[in-house]
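Student: Before we begin, could you take me through the reasoning behind the labels used for this model, setting each value against its cut-off?

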Amino acid sequence: MTFRFFGTRLASLVALLLVLSVVLFVLQEISATDAAAATLGPTASPEAIAAERARLGLDGPPVGRYLDYLGGLFTGDLGTSFRTKRPVTEDIGSYLPATLELVLFAFLLALLLALLFALSSTLRWRGAGALRGLLFVSSTAPTFLLGIFFLIVFYQQLDWLPANGRASGGAATDGPTGLLVVDGLLAGDPAASVDALRHLLLPALALAVGPALAIGRVFRSSLRTTLDAEYVRTARAKGLGERAIVVRHVARNSVNAALSMTGLQIGFMFAGVLVVESVFSWPGLGSYLGASIPVSDFPAVAGVTFVLGAVYIVANTAADVLQGVADPRVAV
Amino acid sequence: MLDTQPATPESAAPTAEAPDTPVATLRDLRVSLSRDGTSSEVLRGVDLDIRPGEVLGLVGESGSGKSVLALALLGLLPAGSAPRVAGQLRVAGVDMVNGAEEERRLARRESLGVVFQDPMTSLNPTMRVGQQVVEAAGSADEAIRLLRAVGVPEPERRMRAFPHELSGGLRQRVMIAMAIAGGPRLIVADEPTTALDVTVQSQVLGVLRRLSDDLGCGVLMITHDLGVAGQIADRIAVMYRGRLAEVGPTRRVLNEPRHPYTLGLLASRLDFDTDRDSPLRTLVPEPAGGAAVAGCAYHPRCPLAVDRCHAELPGLPELPVRPEHSAACFRAEESRDRLLEIAHREAAAADAAKPTGPAEPAEPVVGDATAVEREDRPARPGVVLATTELECRFTVRDRRGRKAPLAALRGVTLDIEAGESLALVGESGSGKSTLLRVLAGLQKATGGGITGPTGGAVQMVFQDAGASLTPWLTVRELLTERLRRPRLDRAERHRRVVAALDSVGLPEATLDARPAELSGGQRQRVALARATIVPPRVLLCDEPTSALDVSLAAHVLNLIQRLRAELGMTVVFVTHDLSVARIIGDRIAVMYLGRLVEIGSADELVADPRHPYTRALLSAVPGLDVELPTIEGEPASPLAPPSGCAYHPRCPVATEECADTLTGIQLVPIGPRPPGPARTAPPSARRAVACVHRGEI
């Protein structure tokens with residue numbers, strides 16, 4: 001693990017974020033929407049629009065406007081939403097925690113399922129085949145179909161779990177973290193946490209199944225390859241027990257391919273969450289985006305895109321760095 | 001003496017058994033493994049005892065079952081191959097066939113040690129070597145003591161290294177340290193030196209021999225090379241197709257072998273006395289398919305086979321008046337004399353047929369005293385390939401992951417004459433393969449000059465024929481590919497392809513096979529056919545025989561010699577093995593860390609090596625009657641070559657001037673030693689050495 005290894009990963013992280021900002025700026029430039037006209041509404045006079053353009057700095061040279069945009073990104077200014085007339089940053093701030101909580105929970109669920117999937121078949125656990133089959137069948141369905149199926153079975157038929165929203169009786173989103181499960185615990189109200197968890201379970205499961213299978217399959221195949229490795233034979237020859245072999249020699253050497261797949265899947269989960277949110281009426285970024293796209297609210301769309309893109313880049317960089325931690329030969 | 005006694009007195013504790021009770025007992029051991037649903041018997045009834053304190057050399061070619069025997073001893077037969085085991089196998093009192101899994105695991109932990117072939121893949125790449133030794137040794141102190149005992153310098157520091165940060169020799173020493181942890185009663189070493197350089201090989205063999213003597217444990221030394229077994233084994237067991245062919249004390253088996261297979265193996269072994277001028281003695285190739293045969297498995301290849309051999313399976317009886325020496329052959333009593341007779345007849349026939357044999361060795365150009373000082377001269381007439389101060393640098397990552405310049409070639413000046421065959425010899429990191437790739441035009445030189453043909457006129461044959469043939473093309477497609485340029489009609493093309501196959505001794509039926517369906521030897525033949533179907537001016541060979549069994553290697557070497565004579569090609573042959581170099585090369589060039597250190601005609605160089613490194617290499621070649629040599633150190637890293645003569649840190653005769661930057665790195669012509677004082681005698685033109693002492697010490 002070297003300083004240089006971290007340095008290059010950090011540099012490429014920054015470079016990718018810059019590329020993302022350029023792409024978003026160019027899209028904004030070539031889109032048909034005129035920010036000034038959109039801000040003032042359809043009744044505004046051409047003079048008023050021209051004045052607004054000057055005020056917004058829209059008539060300067062593109063490079064200058066890009067630098068303004070970039071400066072805005074750095075100071076957390078993503079522009080003003082045409083639709084809500086509020087700063088996009090504020091809007092995202094109020095919707096992001098819901099999405100974050102859902103994705104985080106779904107991510108943990110996906111990791112757990114992936115681990116079960118991989119280990120159960122590698123260590124030949126009983127019932128492993130059934131688990132794998134179930135996961136396999138579920139993952140063939142599109143996410144929204146899976147969501148609707150869960151609703152029908154667990155809400156409509158069995159009535160075990162709630163169907164929509166983040167909490168019963170309206171979400172109290174004024175906690176310190178915005179994550180209801182955590183806030184409930186912090187506030188000494190475990191009942192609220194359990195309630196939030198019950199709301200989380202179905203959408204998170206719908207979101208987790210696909211990534212779980214993708215990560216699990218990669219992890220399983222590298223576990224199998226590693227189990228046949230000569231150094232595992234050496235470990236057996238030393239007379240180590242099977243558990244020590246898997247934990248000490250196999251797991252760490254198998255985790256790399258799974259890590260890069262995990263980085264990719266986090267990105268897909270943020271894309272998938274938009275669909276799941278609308279199925280489960282989840283008050284997150286998906287519903288915000290869903291409301292913004294039809295009215296061509298470009299600042300809002302670009303802001304959400306930037307945030308999701310940044311999360312994707314950071315997640316993959318983290319996966320990269322973890323690979324270096326797992327395998328000293330990568331960290332050069 | 002090094003401290004090799006185990007810290008805990010466990011192994012010294014009295015056991016219920018008598019001191020000379022075998023540590024491993026095999027009785028009629030049979031193992032079947034299945035592959036793709038078909039089961040085949042890999043071990044077909046093996047009886048063997050391994051005694052405490054002895055080194056037993058188990059020798060056999062690939063497919064003989066020797067590695068399966070090792071895994072069976074460890075109770076580690078691959079579960080994926082659905083092994084079925086019959087017979088008796090006890091190791092240190094534990095039944096490794098029917099014993100409980102936990103019992104067998106404890107036997108591995110307490111009584112067994114293993115050294116596998118490739119220490120790079122056999123060590124966990126993501127775990128520090130110290131931790132890996134601790135797993136076997138129990139504590140860090142004990143691990144350090146073990147590392148010191150096997151000759152790892154600065155063990156405290158090495159504990160924190162990852163395997164990829166160590167050299168090959170050090171890695172294998174780490175493996176051995178793990179093997180001897182806890183004072184095992186048996187060490188199984190499966191080709192422990194095959195992946196190592198020759199000079200390092202002798203060191204590792206020395207460590208194993210010493211440990212066996214000091215710890216009193218038995219060692220099962222598995223190898224394909226009778227020479228290696230001869231150097232450290234007390235007894236040798238020769239294995240063929242899952243059965244023992246011959247067992248006996250080392251000297252007896254090597255000097256008075258009684259099984260025709262052992263005799264064949266010994267005869268196809270190369271050493272410095274092998275006749276260079278006639279084709280190498282070869283074994284009859286193994287029949288294709290490898291299907292089970294009735295009777296003695298060797299009979300299809302055996303020159304002495306009689307009817308009885310086809311029908312009956314010979315036992316392994318002790319030979320009369322030869323205690324401890326047994327051979328599984330009905331004709332063991334007469335085999336040696338009969339085989340010698342046959343050998344003489346063959347030799348006579350070969351002598352008679354000599355004109356069609358390999359090309360006569362090129363005449364040394366006597367009197368051309370300036371032949372090696374050719375820095376200022378362009379390629380002369382008769383020279384097909386010439387390099388001048390050739391340099392080749394790469395940027396690589398060093399063991400710590402930093403970018404570092406690597407000088408693979410550091411000024412190589414070499415003339416290769418038309419029609420000659422030059423053997424390039426060196427250990428890993430010597431630059432021999434890089435030089436070959438530059439000659440082939442596969443790699444750009446970064447300095448110096450090179451003149452010679454390019455493109456189709458230069459063809460290359462690689463070490464791993466399997467990997468160098470495109471797997472999804474048939475042999476026909478692989479060969480026709482090279483006939484694109486001259487517009488040939490279909491029939492003519494077919495004729496050429498069949499002729500090329502025939503010239504390498506492959507039947508027409510091979511045409512529609514894909515590489516995976518061929519054996520290693522056949523693949524190397526296809527590679528040769530592909531290289532020579534349009535006769536090249538220069539054939540470059542990169543260790544084409546080092547992955548092959550001895551008997552196959554001899555076939556391929558003969559083939560290269562014959563093709564060279566028939567097609568009038570120039571051959572440049574890279575090898576790490578001086579005995580192979582001597583057979584194939586008219587001249588031998590020895591490389592060390594990117595420079596030529598000695599060059600000369602094959603006979604002269606082997607008979608009278610002048611560079612200390614050449615001498616070390618020669619002494620390291622395992623021979624049947626050669627003691628283990630003591631060679632210091634390992635090849636230095638090409639990332640940080642020592643100053644001056646790169647060999648000086650390992651050199652027994654180095655003086656201060658050897659470290660000087662500019663001395664001893666130029667090849668200086670030298671005369672043959674016997675006639676007259678070295679300085680005044682007319683230097684043999686093609687003999688030169690890069691040593692300040694000129695081999696006078």
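**Labels and the values behind them**

Tutor: Let us start with strand β6 (residues 112–115) of chain B, where L112(B) and V114(B) point one way, G113(B) and V115(B) point the other way, and all are buried. Please keep in mind throughout that this is a predicted model.

Student: What makes the two directions in β6(B) unsurprising?

Tutor: In a regular strand the side chains alternate between the two faces of the sheet. The split of L112(B) and V114(B) against G113(B) and V115(B) follows that pattern.

Student: Which strand is joined to β6(B), and in which sense do the two run?

Tutor: The partner is strand β7 (residues 186–190) of chain B, joined to β6(B) by four bridges and running parallel. Two strands count as paired if there are at least two bridges between them, and with four bridges β6(B) and β7(B) therefore qualify. Within this pairing, V115(B) has A189(B) of β7(B) as its bridge partner.

Student: How do you know whether E191(B) is buried or exposed?

Tutor: E191(B) has a relative accessible area of 9%, and buried means under 20%, so E191(B) counts as buried. The residue is found in the loop between β7 and α8 (198–215) of chain B, and its phi is near 50°, a positive value in a residue other than glycine.

Student: Why is K85(A) called partly exposed?

Tutor: The relative accessibility of K85(A) is 48%, and because partly exposed covers the range between the 20% and 50% limits, K85(A) is placed in that class. K85(A) also has a positive phi, of about 60°, although it is not a glycine, and it is found in the loop between α4 (62–74) and α5 (88–122) of chain A.

Student: Why does L552(B) receive the label partly exposed?

Tutor: Its relative accessible area is 27%, which lies between the limits of 20% and 50%, so L552(B) is neither buried nor exposed by these cut-offs. L552(B) belongs to helix α19 (residues 550–567) of chain B. As for its position relative to L439(B), the two are 113 residues apart in sequence and 27 Å apart in space, C-alpha to C-alpha.

Student: What makes β2 and β5 of chain B edge strands?

Tutor: They belong to an open sheet of four strands with the order β2-β1-β4-β5 (chain B) and antiparallel pairing. β2 (38–50) and β5 (94–95) each have a single partner strand, so one side of each is left without a neighbour in the sheet.

Student: How do you know that β4(B) and β5(B) count as a pair?

Tutor: Strand β4 (residues 84–91) of chain B and β5(B) share two bridges in the antiparallel sense, and since the requirement is at least two, the pair therefore meets it. One bridge to β5(B) links V91(B) with V94(B).

Student: Why is helix α22 of chain B described as mostly covered?

Tutor: Seven of the nine residues of α22 (residues 612–620) are buried, namely P612(B), Y613(B), T614(B), A616(B), L617(B), L618(B) and A620(B). What covers these buried residues includes α8, β15 (421–425), α20 (578–584), β20 (587–592), β21 (595–601) and α21 (602–607) of chain B.

Student: Which residues touch the most other members of the largest nonpolar core, and where does its largest share come from?

Tutor: Of its 104 residues, L29(B) and L73(B) touch the most other members, while the largest share, eight residues, comes from helix α7 (residues 168–180) of chain B. A second, separate core of 66 residues includes L501(B), A527(B), L528(B) and A616(B). In soluble globular proteins, nonpolar side chains tend to be buried together.

Student: What makes L29(B) touch residues that are not its sequence neighbours?

Tutor: The label rests on contact, meaning heavy atoms within 4.5 Å, and residues up to four places away in sequence are not counted for L29(B). Among the residues that L29(B) touches are L43(B), V46(B), L69(B), V85(B), L89(B) and V97(B).

Student: How much of chain B as a whole counts as buried?

Tutor: Of the 697 residues of chain B, 56% count as buried, and the chain holds 22 helices and 23 strands. Chain B exposes about 28900 Å², of which carbon and sulfur atoms supply 52%.

Note on methods. Residues numbered from 1 in each chain as written. Chains lettered and ligands numbered in written order. Predicted model: local features only at pLDDT ≥ 70, side-chain atom pairs only at ≥ 80, totals over all residues. Heavy atoms only, no water. Buried < 20%, exposed > 50% of the residue type's maximum accessible area, 1.4 Å probe, protein only. Areas by Shrake-Rupley, 256 points an atom, 1.4 Å probe, with all protein chains shown as cover. Core = buried A, V, L, I, M, F, W, Y, C linked by side-chain atoms within 4.5 Å.
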